[in-house]
Amino acid sequence: MFKNSTKQRSRDWLLLLTLTALPVACSKDTPPPATGTLPDPVPELFFDNGRYRTASNSAELRTSSVPLGKSLVLAPVICNIAAPSAFAWTVDGVRQSSTTEFLTFTPASQGVYLISVAEQSTQARAEIQVTCTAPEEMYFRPVKSGNKATAATAFDYVPAPGQFINYQSGSTKENALQDLQDALNNGRISYLGAYGGYWIVGFDHSVRNVAGKADLKISGNAVPEFSEPGIVWVMQDSNGNGLPDDAWFELKGSKSDAPETKYRYAMTYYKPAASNSDVLWTDNIGRSNTVDYNDAHTQAYYFPMFITEDYYVLTGTCLASGIFADGGIVYAKDLSWGYVDNYNTDLTRPRNEFWLEDAVQADGTPANLSHIDFVKVHTGMAGKGTAIGEISTETGCPADLNF
Ligand SMILES: [Ca+2]
Ligand SMILES: [Ca+2]
Ligand SMILES: [Ca+2]
Ligand SMILES: [Ca+2]
């Protein structure tokens, strides 16, 4: 099934990983790996803005926003710190009382705030710029003549590596974004690849949160005992600029309180040195594995080759793998509710329907959103089965159920 060279290369990588300390998932201070080497595991914090991260963009100041009169819970992604101690937070240099990884920020007036967090045992530190904008309803966009119920605009598409991902050498990020736009326009399914692969889309109007009912529909291609759950995130255009550069809120699901669910999880995928190869990944908690090349999908690279750097980092929430075998057949477990490309087992929560009431802050408290403008979906599991390959979410175009 595998070419010998592929397996040998994987063994070389894994041997290296075994012989040296496990690599960092997300270090900005170490160079990208040359063939056969990986960055050292440097303790690090960063703020996730919902976009992929590379060596070249990791030093950019991340931004977010919060409408006046509301709170935003901030929390960094924690890399290579096995047992974090206390955290120290500042807002414009003023020390805050929180000593945990969470800060509830409730600005008293509109303006731009620089917020920092440092982990005390390592001095790992991160900053984020948060703009306090006009109150929540200021930029609500009512439905106008000519608007449509489904998402209109593709803003970003960065799949994880996978057997259904086919962006070969010479492809561009613009090619990928156009593919997503075409899928939105034509009602086709999009492929997110393995854990963390994502798209970001926007509506031509604001999707109102109507109390006590589902507000969004996002289809997948799940069938019983083959679910590949994707996590849904939503955003308001709080600063009114038409771009998804504000605060993301996860829609909770039936696994949100499961002890194995990992929040602010980061996975780094490394570009293979040769075609027809497995794709190595490492994560922010010291694990590594591969997305495996198989003989059913023979494009040269499963890694999206429009990523020009040697590795990229995808972040989000990670659920325990649903892969299981029974009688020699591999299945992917159906979850109760709350995920795209999942065959809901809770029949009170119809499949493919999502409630904006389920939007939560980083600490799991309700976000209480009156409406949203943007949606992100990412593959929510890292798992693979022998015959079926990696778990990878498939998605249709989101629709406003209150249109
Ligand atoms: Ca609702
Ligand atoms: Ca699927
Ligand atoms: Ca915006
Ligand atoms: Ca899939």
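Q: In β9, which residue is the bridge partner of Ser64?
A: This is a predicted model, in which local features need pLDDT of at least 70 and side-chain atom pairs count only at pLDDT 80 or more, while totals for chains, interfaces and linings use all residues. Residues are numbered from 1 along each chain as its sequence is written, and chains are lettered from A and ligands numbered from 1 in the order in which they are written. Strands β2 and β9 (residues 125-133) pair in the parallel sense over 6 bridges, two strands being paired if DSSP finds at least two bridges between them. Within that pairing, the partner that β9 offers to Ser64 is Val130.

Q: Which strands are the edge strands of the open sheet?
A: Strands (E, at least two residues) and helices (H or I, at least four) are DSSP runs numbered from the N terminus, and 5 such strands form an open sheet of mixed pairing in the order β2-β9-β8-β5-β6. An edge strand here pairs on one side only. That description fits β2 (62-67) and β6 (94-95).

Q: In the hairpin of β5 and β6, which residue takes a positive phi?
A: Strands β5 and β6 pair in the antiparallel sense over 2 bridges, and Val91 has Val94 as its bridge partner in β6. The hairpin has 2 residues between the strands. The positive phi, near 50°, belongs to Asp92.

Q: Why do the buried residues of α2 line one face of the helix?
A: A residue is buried if 20 or more other C-beta atoms lie within 10 Å of its own, exposed if 12 or fewer, and partly exposed in between, with C-beta atoms placed from the backbone. In α2 (residues 173-186), the buried residues are Ala176, Asp179, Leu180, Ala183 and Leu184. Taking the directions from the helix axis to the C-beta atoms, these buried residues line one face because they fall within an arc of 140°.

Q: Which residues are exposed on the other side of α2?
A: The buried residues of α2 are covered by elements that include β10 (153-158), β11 (190-191) and β12. On the other side of the helix, the exposed residues are Glu174, Asp182, Asn185 and Asn186.

Q: How many residues has the largest nonpolar core?
A: A nonpolar core is a set of buried Ala, Val, Leu, Ile, Met, Phe, Trp, Tyr and Cys residues joined through C-beta atoms within 7 Å. Trp199 and Val232 are among those with the most contacts inside the largest one, to which strand β12 (residues 198-208) gives the largest share, 6 residues. The number of residues in this core is 93.

Key
The expected span of a helix is 1.5 Å times one less than its number of residues. Two residues are in contact if their C-beta atoms, placed from the backbone, lie within 7 Å.
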